[in-house]
Amino acid sequence: MGNYRIKGGRTLAGHINPGGAKNAVLPILAASVLCDESILTNVPNLSDVTLSLDILEQLGCIVGYDGSKVKINSVKADKTTVPTKHVGKMRSSILFLGSMLGRFGEAEIGLPGGCKLGARKIDYHLDAFRKMGAVVEENEERGTIICHVPNKRLSGADITLKTPSVGATENIMLAAVLADGITTITNAAKEPEIVDLADFLNKSGAKVIGAGTGEIVVTGVKGLGSVNHRIIPDRIVAGTYLCAVAMTGGDILLNDVIPTHMTATLNMLRDAGCRIKHGNGYVWIASPDRLKSLKNLTTDVYPGFPTDMQAQFAAMQCIADGECIIRETIFESRDKHFAELTKMGANIKVTGDEVTVKGMARLRGATVAAPDLRGGAALILAGLAASGETIVNNSEHVERGYESIEAALSWLGAEISLEP
């Protein structure tokens, strides 16, 4: 376990590229099981990516990783069990269930891990697989889920999700591309990462239409071929860097981004008083003299305000002028960063499912612990804006979703280092 050591008070300026999206590359890596050969570029160097590549090798795939380029040959893949030790570290590992079931007609996988953000049941995933003809069992002794299809090939089905779950939408897509017949997903999630997954699959020979809307239709095909694909930019990493500038002063230019993927984040930053310009592939931001309170901040499914930006904006509201009420509607336990922020002097009150943040002139440095991925990023931002020195422990959480965040922020002028 490492920690970030930060000396606050430095103004940020310059330009930066946020890199490929974690939430796009992970389902695409799972999808590569279905293809002959996959060549991916703009792949971020993250611990979750490394873990996914390890899983692919365990399944019998041949993996080559060179910088931001990954090559995966899945022709000889023949294993149908994902080791439990891998699964417990990353919740998106559950996506291998859909791809293995679609290709092999059987799969065994442990219960997914990752950040502890409360109950994130996979009932939607398993119910969909059952409708497609799979038999689903749970091995309590091994702590695994076992699925198999009696005739080895899933059947298309009409599936309506109770809520637009991103993971369930992706997993059903993966299971459906090689199924017999047509699968329709109603009330599907609309995130850009789902569109990227569909683009990858279609390039390899799948027939997926409607990604990015509330209804996705997948027509099963006999097999998928080879594919070259560039991962979309990470809208959450980009938003985190924008918040860093908003909190510390200065201005930066983000290159290789898709502004339309970040509309809710950009609108909130404007409401906070930031000046923003954007165009084809770029976003420029300049901070105000003092941030304005957002009054109300409520997370929602895409295209609403993303839950993955809630913690960063919460840190920003700690030094804004006024009072903000934050409501988290996606994950009931995405609130552990608030207690850590109070150690830095933040004025925060939690009442039921509402959190009231009263802004103050400045936070003070302290030793805090990253409770999860985005909460850790928020504490780093708070440290950048605080007086004195801040130490953020549990760097492994942050490293799951940010590629060398300390190097990126240092490039922009921050005083931050990662220590073992």
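Here are a few questions and answers on strand 19, helix 6 and a helix pair in this predicted model.

Residues are numbered from 1 along each chain as its sequence is written. Local features need pLDDT of at least 70, side-chain atom pairs count only at pLDDT 80 or more, totals for chains, interfaces and linings use all residues, and side-chain values use heavy atoms, with hydrogens and water left out.

User: Which side chains of strand 19 are buried?
Analyst: Strands (E, at least two residues) and helices (H or I, at least four) are DSSP runs numbered from the N terminus, and buried means under 20% relative accessible area with a 1.4 Å probe, protein chains only. In a regular strand the side chains alternate between the two faces of the sheet. Here Glu-323, Ile-325 and Arg-327 point to one face and aren't buried, while the other face has the buried pair, Cys-324 and Ile-326.

User: In what sense do strand 19 and strand 21 pair?
Analyst: Pairing takes at least two DSSP bridges between the strands. Arg-327 stands opposite Glu-354 in strand 21. There are five bridges between these strands, and the sense is antiparallel.

User: Why is helix 6 largely enclosed by the rest of the structure?
Analyst: The helix covers residues 166-176, and Ile-172, Met-173 and Leu-174 are among its buried residues. It is largely enclosed because the buried residues number nine of the 11.

User: Which residues in helix 7 meet helix 1?
Analyst: Contact means heavy atoms within 4.5 Å. From helix 1 come Asn-23, Ala-24, Pro-27, Ile-28 and Ala-31. In helix 7 they meet Glu-193, Asp-196, Leu-197, Phe-200 and Leu-201.

Methods: Buried means under 20% relative accessible area, exposed over 50%, partly exposed in between (1.4 Å probe, protein chains only).
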